[in-house]
Amino acid sequence: MIFGLPSFHSILYRICQFWSLKSRFRKGLALRNLLSLCVDQHESGGGRRSHSSKMKEATKLLRNPKFASHCDCKIPIIISVVLLLFTLEVTARTDCGFNYTEALYKGILFFEGQRSGKLPEDQRMTWRGDSALTDGSESNVDLTGGYYDAGDNVKYQFPMAFSITMLSWSVIQYKDAFRNAGQLKYAQQSVKWGTDYFLKCVTGPTQLWVQAGDPNSDHNCWERPEDMDTPRTVHQINASSPGTEVAAETAAALAAASIVFKDDDAVYSEKLLDTAMTVFDFANSYRGAYSDACPFYCSTSGYDDELLWAAAWLYKASSLPTFLQYVVDNSSLSYVISEFSWDNKHAGLQILLSSLYFSGETSLQSYPAKADAFLCSTLPQSSQKTVTYTPGGLLYIREGANMQYVAGSSFLAAVYGDALAAANRALVCGSSSSFTSSNLLAFAKSQLDYVLGNNPLERSYMAGFGRNPPVQFHHRGASIASIRVSPEHVGCGQGYVDWFHSNNPNPNVLTGAIVGGPNSADNFTDFRNVSSQTEPTTYINAAFVGVIAKFVMNLKPGEHSLTLF
């Protein structure tokens, strides 16, 4: 669906399917070509194949006066509508054949499927219901709301905060693209669903609640979030039991989000920024590694990256010299790395601060060399490349939600490409390779297009989008019949017996979810028990919607209009 209505290729398919049964002329070559055109368009998700010959034949049919005189007069009218819809569908596509505006819509919609708490009346992913309405009650604190990180029902603040930071950065960087595509409101709502929860989690200047749910019992059950009866254990960090990584990331998320709302809700923006400063002061003053989330979200990179990352966002949000001085004085703590993820923020920090340097903040001169090194180690044509790629061209860092690394590196390449273009600067990698901003954007686009279907398997890795998308994604809520359809309680073990091992597609489509992706050989197993490949996460989508928005921004006026109604 797009803007709340079915996508064009779905409309085309339904119209054509109907008239293929009704039409007395369905055996005619011209009409068959038109119907084939529509069905191909549906089955390929608007893929890359050329339909020009079928279009030509169908148009020729419409121009033949004998056609209208020998058949039901409604048929030419229907075909005219179909051709118009098809023309508009193609108009909104890029040279690779992907509808980036539709992908942006769906990439943001995914977050509604991850919501925890009392759902709003305007919830668009309607198969979901209210869940975890008593979170925090045993500790006399309201911790309802927020997001489930992936396919389970635990709320981990560390990856959730990173997701909100990245989603906010996406909106900040490409706000016009979100607005022009009609998605700014929904993106802001997705950010706010996270930040409203974070505000609840800050219950004192040195107290932050950082987790709801028991990972071990949750992972031993296969239940819808609406049904879960596992312990909703909550964890806090405080002055005597600190967790610097998660506190600093929360501060970064609140600071970045304050920029998102600065022009539209100044009071809320100021509240976010003030809270971000309080949480950062706590993170910086009471240092200690966060271990409660292990073994599921352990930070292996330490907390220096999160502290610098948070200070960088606080400076960008406030322009206060205190935070600028912090990232300048501690620049030696940020090292060169070839990946970017919820755990390791160094590359993102370096790209963010380098962009500010190119804009005139000369005290940040130590960061561009590190940003350059990150991209030189990443770009496939670089003489200094240290990462690996699949035979089909997908960046491959490691097994298990590999798409998060693809999303992060692609987004940083797009942002740095913007910065290089504005500074009229090139990226130099050693003595034998140099790259322009266009090269960086081409890399980001190649990774995005792989995800959307330009890959050896010719399949989409976004649920509900394009050709042959995943249908058995590893996700408890999506894999069990909706509570609105089947309100009977599905117990812990019953979910495994009746649903987890089923060979059928998930009964609910988690529209827009980008899954973990293929292995290092471009092979993909669409089965929910292969969680490393089929599990979606909020932090994959958060960065990818920014990449998508970059290429939506390149569309011409009028190319965002994907519906007639």
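Visitor: How do the residues of the lining of the second largest cavity divide into nonpolar, polar and charged?

Guide: They divide into three nonpolar, six polar and three charged. Keep in mind as we go that this is a predicted model.

Visitor: Which residues line the second largest cavity?

Guide: The lining is made of Gly113, Gln114, Arg128, Tyr148, Ala150, Gly151, Asp152, Asn153, Pro225, His475, Arg476 and Gly477. Tyr148, Ala150 and Pro225 are on this list, and they are nonpolar because Tyr, Ala and Pro belong to the nonpolar kinds. Arg128, Asp152 and Arg476 are there too, and they are charged because Asp and Arg belong to that class.

Visitor: What makes this space count as a cavity, and how much space lies in it?

Guide: A cavity is a space where a 1.4 Å probe fits but cannot get out. About 40 Å³ of space lies in the second largest one. The count takes in cavities of 30 Å³ or more, and it comes to three.

Visitor: What makes the second largest pocket a pocket and not a cavity?

Guide: The word pocket is kept for an open set of points, whereas a cavity is one the probe cannot leave. The second largest pocket holds about 400 Å³ of space. Its lining has 22 residues, and those nearest its centre are Tyr297, Ala401, Glu535, Thr537 and Tyr539. Helices α17 (403–423) and α21 (531–534) each supply at least two residues of that lining. By kind, the lining has eight nonpolar, eight polar and six charged residues.

Visitor: Why is the pairing of Lys106 and Glu102 called a salt bridge?

Guide: The N to O distance between their side chains is 2.6 Å. The cut-off is 4 Å between a nitrogen of Lys or Arg and a carboxyl oxygen of Asp or Glu, so this pair qualifies. Lys106 and Glu102 are four residues apart in helix α6 (residues 100–113), which means about one helical turn separates them. Both Lys106 and Glu102 are buried.

Visitor: How do you know that Lys200 and Asp142 also form a salt bridge?

Guide: Here the N to O distance is 3.4 Å, and that is within the 4 Å limit, so the name fits again. Lys200 sits in helix α9 (residues 184–201) and Asp142 in the loop between α6 and β1 (155–156), so the pair ties together parts that are 58 residues apart in sequence.

Visitor: Why are Lys200 and Asp142 called partly exposed?

Guide: Lys200 has a relative accessible area of 31%, and Asp142 has 40%. Buried means under 20% and exposed means over 50%, so values in between are called partly exposed.

Visitor: Which other salt bridges can I look for?

Guide: Try Asp227 and Arg224, whose side chains meet at 2.7 Å, N to O. Asp227 and Arg224 are both buried. You can also find a network of salt bridges that links Asp135, Lys155 and Arg232. The structure holds 19 salt bridges.

Visitor: What makes Ala419 a buried residue?

Guide: Its relative accessibility is 10%, and the cut-off is under 20%, so Ala419 counts as buried. Ala419 is in helix α17. Leaving out residues up to four places away in sequence, Ala419 touches Ser355 and Phe358. Its C-alpha atom is 8.1 Å from that of Ser437, which is 18 residues away along the chain.

Visitor: Why are Asn140 and Asn424 called exposed?

Guide: Asn140 has a relative accessibility of 75%, and Asn424 has a relative accessible area of 75%. Exposed means over 50%, so the word applies. Asn140 is in the loop between α6 and β1, and Asn424 is in the loop between α17 and β7 (427–429). Phi of Asn140 is positive, near 60 degrees, and Asn424 has a positive phi of about 55 degrees.

Visitor: Which residues touch the most other members of the largest nonpolar core?

Guide: Trp169 and Phe544 do, in a core of 148 residues. Helix α11 (residues 244–260) gives the most to this core, with 12 residues. Among the residues that Trp169 touches, beyond four places away in sequence, are Trp309, Trp313, Phe411 and Val415.

Note on methods
Residues numbered from 1 in each chain as written. Predicted model: local features only at pLDDT ≥ 70, side-chain atom pairs only at ≥ 80, totals over all residues. Heavy atoms only, no water. Buried < 20%, exposed > 50% of the residue type's maximum accessible area, 1.4 Å probe, protein only. 1 Å grid on protein atoms, 1.4 Å probe; cavity = no way out; pocket = protein on both sides within 12 Å on 5 of 7 lines; lining within 4 Å. Points joined across faces, edges and corners; volume = space filled by probe spheres on them. Core = buried A, V, L, I, M, F, W, Y, C linked by side-chain atoms within 4.5 Å. Contact = heavy atoms within 4.5 Å.
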